[in-house]
Amino acid sequence: MGQGAVLSARGQFGRAEASYIKAKEIYARHGTNKQIAGAILGLAQIFRRQKEYRKAESSYIHAKSIYVRLGVQRGVADAMWGLGQVYRLRSEYSKAEASYKDAKELFARLGAEQDVAHAAWALGKVYLLRREYSEAKNFYTEAMEKYSRLGADDGVANTAWELGELCRLQNDSDYPKAQAYYSEAIEIYTRLGAHKGIADSILRLGELHYLQKQYSAAKVSYTEAKEIYYKLGADNGVADAVLGLGDIHRLVGEYSDAESSYIEAKNLYAGLGAEKNVAYAEWKLGEVYHLQGKYFKAEVCCREARRRYAGLGAERDAARVGQGYYSRAEVLYTEAKELYARHGAEPRAQKGVADAAWGLGQFYRFQREWEMAKVSYSEAKEIYSRLGDQVGVANATWALGAVDRFLGEYLDAEQQYHMIRIRYPRCEIGSEAADAAWEPAEVCRLRNNYFEAEALFQEANDLYSRLGSAKVACAARELGAIYLLQGKYSDAEAQYERAKALSAFFKNEKEIATAACALGEVYRLQHKLFKAESLYMEAKEIYARLGAKEAADTACALAEVYRFQDRASKAETLYLEAKEIYTRLGAKEAADTASELGELYRLQGEYSNAEASYIDAREIYAHLGAERDVAKTGCILGYIYRLQGEYLKAEASYTNAKDIYSSLGAERDVAGARCELGRVYRLQAEYAKAEKSYTEAEKIYIRLEDAKRAAKVSSTLEIIYRLQDAEIGVNKIYPNLGTTRDADTRCRLGRGYRRQGDFFKAEVLYTEAKKVYTSFGVGMDAAKAGRILGNIYLLQDQHSEAEASYAHSKGVYSRLGDEEHVANVGWRLSEVCVARRVFHGQAAFARA
């Protein structure tokens with residue numbers, strides 16, 4: 001059990017957990033109940049430190065029940081303390097409070113003064129988190145007195161820091177007290193050599209200076225904290241300090257420095273997966289651009305910040321973004337509304353109130369404050385109705401429909417749009433009648449109600465046609481899209497041809513290009529690739545002439561056509577061209593295109609080029625804070641490395657991807673990454689590691705109730721178990737000496753087992769031989785062993801492993817200039833691809 005504690009202190013939690021489990025089993029057979037409880041308590045600590053709070057809670061409760069039965073009060077107190085920690089970390093503050101109080105009482109009864117101080121400190125923390133500041137102060141004061149009496153300097157420093165937090169959060173009049181507490185903490189931390197505590201305290205001093213508008217002092221504190229965090233490698237602290245510097249630079253008008261600080265902070269937070277902080281940095285970066293008069297950049301940043309906040313469910317924060325730009329508009333609309341209202345029921349005044357309410361609705365809609373927008377639009381609609389202003393009623397109804405549509409309340413939106421369709425013809429306001437058909441048509445399309453959508457777009461088309469409006473081309477294009485979604489290619493083709501001709505008639509070049517692109521898509525889906533190529537080229541030329549971003553989009557679509565035609569060099573040129581445009585525009589599609597380029601290289605076996613492209617994509621995603629895409633690209637890079645036999649790099653890529661997915665709460669993706677890690681370990685004959693990875697993946701799939709994937713992983717685990725047995729059996733008879741002669745022997749033995757159909761022993765022997773040959777630089781033999789391993793995997797329908805082995809061997813043969821074997825293994829690789837398609841096709845047929 002002492003070993004478990006040592007391993008835990010070193011942060012080796014996996015090994016510590018195994019040690020405690022083993023101790024528990026031994027004590028269950030030969031020990032006492034007290035020793036069993038001690039092992040369970042140790043396990044609970046491990047689970048808590050690994051954030052497995054449910055397991056930790058269960059273990060603490062189990063240990064407590066044993067200690068209670070035995071009358072061991074110290075053990076009960078320790079278990080109650082641990083439960084308090086778990087509940088506090090889970091934000092279950094009432095339970096935490098009760099547990100800490102019980103622990104504190106027991107510690108006091110036992111005369112364990114330092115533990116009483118710890119419990120008082122923890123209770124102070126709970127009350128601080130609940131914003132019950134007076135209670136927090138009482139317990140922190142008690143903790144401070146006890147730590148001081150005991151000479152526990154670290155406890156005094158930690159409590160001083162917490163008291164500083166309390167004063168900072170409680171009242172701005174308490175800022176001087178907070179400053180004194182932080183300064184006291186710095187002094188003690190300095191004496192103790194606790195650099196993290198020093199940096200944390202200096203950072204808080206910077207925040208205090210910032211809150212008191214002491215910007216020069218704040219800048220000094222933030223800079224000092226940043227330097228300490230940087231030396232400690234504490235990226236989170238560096239990011240916090242840099243963000244604080246960004247705020248200071250912004251407030252004193254140093255916009256260039258503010259811009260670079262916010263960008264640095266944003267990138268650091270993105271790397272840590274701190275999405276909310278990324279959103280904040282993006283928002284403040286937008287404010288800097290706004291102050292510089294760079295309004296387009298400001299809007300891009302604010303839109304991105306709002307998107308991130310909305311994705312986190314932080315709607316209030318999303319609404320606050322950019323409020324500084326719009327708040328003046330809100331004030332003016334409200335003032336106008338009040339002024340008009342003072343004139344009473346006079347029609348012109350009432351019309352003014354309605355118009356102001358409409359403007360407020362627009363303001364709230366742009367701020368994504370949907371309910372407020374609904375209230376304002378409804379008020380405007382009611383007044384317009386009272387005044388008999390049919391156009392006003394129709395406009396307000398249209399806006400209400402738009403809000404419902406944004407909220408995904410499509411039935412409500414449909415009803416609003418239906419009302420407009422009745423009112424607009426009565427208003428006799430021309431194209432609005434067609435617009436009234438257009439909006440519900442889009443809603444029907446979003447609901448996959450293609451029959452209704454087709455009828456409504458047709459109505460809009462007829463009305464625009466009667467009016468001689470250029471929008472008739474757009475209506476024809478939308479009709480084409482409806483047909484395409486239903487797989488009615490000939491109807492879609494006819495409508496897109498018509499849209500293209502109408503756009504030419506109205507001399508709208510961009511619409512001509514859009515229709516040409518759509519036609520190209522119809523032909524591509526029908527595998528009429530030469531027609532598709534011609535139309536995409538036409539569209540691309542127009543977009544390029546107009547300087548439109550769509551030139552890059554069309555270049556990518558055309559590259560897809562060339563890929564289908566096996567014209568890889570043309571596809572490569574177009575992807576590079578598109579990537580250059582996207583990069584110039586700062587668009588996320590630059591990363592997507594780099595990924596497509598990487599895929600193109602991978603399919604041609606150009607792994608070094610593929611690796612470079614995927615690394616490029618990953619860096620762009622990281623810069624944009626697209627964490628899921630960073631992880632996905634990391635998995636693909638892991639695959640590339642696996643194909644090249646660079647297993648350490650593959651392991652690092654998959655592990656990094658797994659950690660990102662874990663931080664995002666994407667459990668299914670975590671399981672997928674664990675499976676890929678298992679495959680890497682298997683290819684290196686590290687079967688224990690493979691077992692652990694696959695077991696963790698299986699647990700996740702079971703928890704997600706994904707029976708199909710759980711069963712697949714379970715069958716893979718059976719293979720791993722059999723390989724472990726085979727390894728034990730082989731090594732017992734033929735110990736691995738790690739020499740090339742030993743590798744030769746293993747290949748001969750492997751050949752015998754392969755002929756007997758014992759693929760598990762054959763795989764173990766050839767894998768170990770390949771590792772030895774590779775370590776001694778005997779490339780030809782390593783490639784041969786890999787090629788035979790590929791054959792073994794293929795015979796067992798294990799296509800991913802076969803692909804990795806063949807690809808690695810092909811790469812080695814290629815480097816050695818052995819063209820005959822390159823061709824032979826290349827043929828095998830293509831056989832794997834065919835087998836994968838056949839295998840999956842048969843599986844799909846069986847499921848059907």
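Buried residues account for 49% of the 848 residues in this protein. Keep in mind that you're looking at a predicted model. It's a helical affair, with 42 helices and 0 strands. Below are the overall numbers, then some salt bridges, one helix and a couple of loop residues.

**The whole protein**
- The accessible surface adds up to about 40700 Å², and carbon and sulfur atoms own 51% of that.
- Take the contacts between residues at least 6 apart in sequence: 54% of them join residues at least 24 apart.

**Salt bridges: a pair within one helix**
- The structure has 52 salt bridges, and a few of them are picked out here.
- Glutamate 287 and lysine 284 pair up through their side chains, with 3.4 Å from N to O.
- How far apart are these two in helix H15? Glutamate 287 and lysine 284 sit 3 residues apart in that helix, which spans residues 275-291, so about one helical turn separates them.
- Both glutamate 287 and lysine 284 are buried.

**Salt bridges: pairs between helices**
- Arginine 642 bonds with glutamate 676 in a salt bridge whose closest N and O atoms are 2.6 Å apart.
- This pair ties together distant parts of the chain, since arginine 642 belongs to helix H33 (residues 627-643) and glutamate 676 to helix H35 (residues 667-683), 34 residues apart.
- Are the two partners buried or exposed to some degree? Arginine 642 has a relative accessible area of 2%, so it counts as buried, the cut-off being under 20%.
- Glutamate 676 comes in at 21%, so it is partly exposed.
- Helix H35 also holds glutamate 667, which makes a salt bridge with arginine 703, the closest N and O atoms being 2.2 Å apart.
- That pair links distant parts of the chain too: arginine 703 is in helix H36 (residues 687-703), 36 residues away from glutamate 667.
- Glutamate 667 is partly exposed, because its relative accessibility is 30%.
- Arg642 and Glu676 turn up again in a network of salt bridges with shared partners, along with Arg679, Arg682, Glu763 and Glu801.

**Helix H28**
- Does the length of H28 agree or disagree with what its 18 residues should span? At 1.5 Å a residue the expected span is 26 Å, and the end C-alpha atoms are 26 Å apart, so the two agree. The expected value counts one less than the number of residues.
- The buried residues of H28 include the charged Glu533 and Lys540, as well as Tyr536 and Tyr543.
- Also on the buried list are Leu529, Ala532, Leu535, Ala539 and Ile542.
- Glycine 547 follows H28, and its phi is positive, near 70°.

**Loop residues with a positive phi**
- Most residues other than glycine have a negative phi.
- Arginine 131 has a positive phi, near 60°.
- Where is arginine 131? Look in the loop between helix H7 (113-129) and helix H8 (133-150).
- Arginine 131 has a relative accessible area of 66%, so it is exposed, the cut-off being over 50%.
- Histidine 527 likewise has a positive phi near 60° and isn't a glycine.
- You'll find histidine 527 in the loop between helix H27 (509-525) and helix H28 (529-546).
- Histidine 527 counts as exposed because its relative accessibility is 57%.

Note on methods
Residues are numbered from 1 along each chain as its sequence is written. This is a predicted model: local features need pLDDT of at least 70, side-chain atom pairs count only at pLDDT 80 or more; totals for chains, interfaces and linings use all residues. Side-chain values use heavy atoms; hydrogens and water are left out. Helices (H or I, at least four residues) and strands (E, at least two) are DSSP runs, numbered from the N terminus. Buried means under 20% relative accessible area, exposed over 50%, partly exposed in between (1.4 Å probe, protein chains only). A salt bridge is a side-chain nitrogen of Lys or Arg within 4 Å of a carboxyl oxygen of Asp or Glu. Contact means heavy atoms within 4.5 Å. Accessible areas come from the Shrake-Rupley method with a 1.4 Å probe; for residues, only the protein chains shown count as cover.
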